Amino acid sequence: MVLRRRTVALSMLAGPLMMVFFAVVVSPEGPEGWGMLAGISGLIGMLLSVYASAATVFTLRRESGALARLRTTELSGAGIVAATGAPLFVVGVAQTLLVLAVFVALGAPAPAQPLLLVVPIVLGGAFCVVAGALTSTFSSGAESVQFTVLPLVIVASVAANLLATGVDPALRGALLLVPGTPVADLIVTAWTGVPGPAVAGLAPTVLGPLLLVAWIAIAVLGAAARWRWTPRG
Amino acid sequence: MRGRDTPDEPVIEAHGLEFRYGGTVAVDDVELVVHPGEVFGLLGTNGAGKTTTLELVQGFRRPDAGTVRLFGLDPVTAGRAVRRRTGAVLQQAGFLAELTVAETVRMTAALSSRSDDIDECITRVGLGHRRDVAVGQLSGGERRRLDIATATWGGPDLVIMDEPTTGLDPESRRVLWAMVRRLRADGAAVVLTTHYLEEVEALADRLAIMHAGRVAIAGTLESVLASRPAAVTAELDAGVHPPRMPGLSTASAGQGRTVLRLESTDLTRATHTLTGWALEAGVRLHRLRATEAGLDEVFHAVSGSTDVAGPTGVAR
């Protein structure tokens, strides 16, 4: 249903197309090169498709009165938000997995730890949906949401790039605190099978999921505190 | 659905409702009781507090003071149970423009525990020929009809309509009026806010007029109208001196005539007094008219007044 709206459909396609474009242009070599590309483009792709789409969908539905209408039904408030975000989550996870499969088809070596790959993609998808819901509370329409999503997209993309290219441990710890960056770090680890340096005594495979869960919780609490069912008017 | 055990139990019972937006009082000490099979009209100027009152009644906002019960339940804590028996027409329809009429009704069906027939529901509001058209391509009137179709899906016990006929074409308004009468005949309670006084006169069993967050006056149409004086008016020929009687005012008319206006809450007695004087004095009354107060007069009197609280301000 969400994909029938042209803006959202285009937004959902932007991420995967960008990921494939990067792969073709960069054409990296070896597990490290492909892992770095998969990590960076995996996060940016999710931000562009799932996060931006979620922020747009929640904003448009609030401003059009659709959320207020759904509230008159028997669905609970949490149920309405979950039902709105679930399709975006599913499509986002599926398309990320699909694009990573395309990477393999383009010549990338198979991920060293494929099961670990599921963790950042699932948690990253969930984070993007709830962060989109939170961002929508700062947005008053289709135009404004194009700007309100930019800070997270830019900051997380830059941080993920720095993280993937290798930085000293102190900076690495700070970069992992940026919302969403553990997605990139975990994808790189899953692809190469070589975890990055531990931070505060915690291995990336432990710290990354913990940080993502924490950001999901923060985004949920923030969205709940600022949530509006009716247009911001 | 009609799930009540006791038919006379109020569908809505609100006492001492208060709600503030920051420092602004939006709803102030509102009392509201609505019974099954009753159409209740809620009138008021923009910003009078009608929509906020309806939001409090539906449990979408928690009152700062006072209590609300729908079907005997707190609508804030028992939201789902209450909405199972309630339909709503909002000011902003809020449909997904990309869905067709049939898909919209199907979605309503999927989100409701009430049962109905999709095609029949669409046909009931005269949209049978538009069932496969996207909502975004419907006219404003057609969208409102779809709104009514979804609000009345499965025959709710209570339908809350917030300005449902604003901007509607006459045919769509006729459909809505018919639906309201049908709901009442089926035993449902309907709460209707509107700016159209004739709508309340035509549909409502009882009404309340809100002003500045308070119920300024409430009751049946007759009792509300009786709160304002009726008037007997007539014209006297030039040179005829008007009588002296309480409640009589005069004004000049053309050709030297004098207009008499005698206000009273007892129209029969006022007419008798004026015509009795004319007969005794051998005076001819021209353009004699006895007129009860209209709802518009009551409305304007209430919305123009500063002190509107009073013994009639209880919407029971």
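Is B:Arg261 buried, partly exposed or exposed, and at what relative accessibility? B:Arg261 comes out as partly exposed, at 30% relative accessibility. Keep in mind that this is a predicted model. The legends below start with that arginine and then move through chain B, the contact between the chains, and chain A.

**Figure 1. B:Arg261 pairs up with B:Glu263 in a salt bridge.** The closest N and O atoms of B:Arg261 and B:Glu263 are 3.1 Å apart. We've already met the arginine as a partly exposed residue. Its partner, B:Glu263, has 38% relative accessibility and counts as partly exposed too.

**Figure 2. Four residues of chain B join in a network of salt bridges.** The members to look for are B:Glu235, B:Asp237, B:Arg257 and B:Arg287. If you're wondering about the overall tally, the count over all chains comes to 22 salt bridges.

**Figure 3. Helix 6 of chain B holds a salt bridge between B:Glu171 and B:Arg174.** Here the side chains meet at 2.7 Å, N to O. Helix 6 covers residues 170-185 of chain B, and because B:Glu171 and B:Arg174 sit three residues apart in it, about one helical turn separates them. How open are the two ends of this pair? B:Glu171 is partly exposed, with 36% relative accessibility. B:Arg174 is also partly exposed, at 49%.

**Figure 4. A salt bridge links helix 7 and helix 6 of chain B.** This time the side chains of B:Glu198 and B:Arg173 meet, 3.4 Å from N to O. B:Glu198 belongs to helix 7 (residues 197-203) and B:Arg173 to helix 6, so the pair ties together parts of chain B that are 25 residues apart in sequence. The two partners have their own settings: B:Glu198 is partly exposed, with a relative accessible area of 37%, while B:Arg173 counts as buried at 17% relative accessibility.

**Figure 5. B:Gln58 is a buried residue in helix 1 of chain B.** Helix 1 runs over residues 50-58. The relative accessible area of B:Gln58 is 8%, which is under the 20% cut-off, so this glutamine counts as buried. What does B:Gln58 touch, leaving aside its neighbours within four places in sequence? Within chain B, the contacts are B:Pro75, B:Arg83, B:Ala88 and B:Ile160. There is also a contact with A:Thr72, over in chain A.

**Figure 6. Chain A and chain B meet in a contact that buries about 1900 Å².** Of that buried area, 50% is on carbon and sulfur atoms. Chain A brings 17 residues to the contact and chain B brings 22. Across this interface there are two salt bridges. In a salt bridge to pick out here, the side chains of B:Asp147 and A:Arg69 come to 2.1 Å, N to O. The interface also has ten residue pairs in polar contact, with both residues at pLDDT 80 or more.

**Figure 7. Helix 2 and helix 3 of chain A each supply at least two residues of the side that touches chain B.** Helix 2 spans residues 30-63, and helix 3 spans 66-71. Which helix gives the most to this side of chain A? That's helix 3, with five residues. Sorted by class, the side of chain A that touches chain B has six nonpolar, four polar and seven charged residues.

**Figure 8. Chain A has ten helices and zero strands.** Walk along from the N terminus and the elements read α-α-α-α-α-α-α-α-α-α. The radius of gyration is 18 Å, close to the 17 Å that the globule rule gives for 233 residues, so chain A is as compact as a globular protein of that length. Its C-alpha atoms fill a box of roughly 55 × 35 × 30 Å along the principal axes. Buried residues make up 52% of the 233 residues in chain A. Among contacts in chain A with a separation of 6 or more, 79% are between residues 24 or more positions apart.

**Figure 9. A:Ala83 sits in helix 4 of chain A.** That helix covers residues 77-105. With 46% relative accessibility, A:Ala83 counts as partly exposed. How far is A:Ala83 from A:Glu29, in sequence and in space? The two are 54 residues apart in sequence, and their C-alpha atoms are 41 Å apart in space.

Technical notes. Residues are numbered from 1 along each chain as its sequence is written. Chains are lettered from A and ligands numbered from 1 in the order in which they are written. This is a predicted model: local features need pLDDT of at least 70, side-chain atom pairs count only at pLDDT 80 or more; totals for chains, interfaces and linings use all residues. Side-chain values use heavy atoms; hydrogens and water are left out. Contact means heavy atoms within 4.5 Å. Buried area is the accessible area (1.4 Å probe) that two parts lose on being put together, summed over both. A polar contact is a pair of N or O atoms within 3.5 Å; within protein, one must be able to donate a hydrogen and the other to accept it, and residues adjacent in sequence count only if both atoms are side-chain atoms. Helices (H or I, at least four residues) and strands (E, at least two) are DSSP runs, numbered from the N terminus. Ala, Val, Leu, Ile, Met, Phe, Trp, Tyr, Cys and Pro count as nonpolar, Asp, Glu, Lys and Arg as charged, and the others, Gly among them, as polar. The radius of gyration is taken over C-alpha atoms; the globule rule is 2.2 Å times the number of residues to the power 0.38. Buried means under 20% relative accessible area, exposed over 50%, partly exposed in between (1.4 Å probe, protein chains only).
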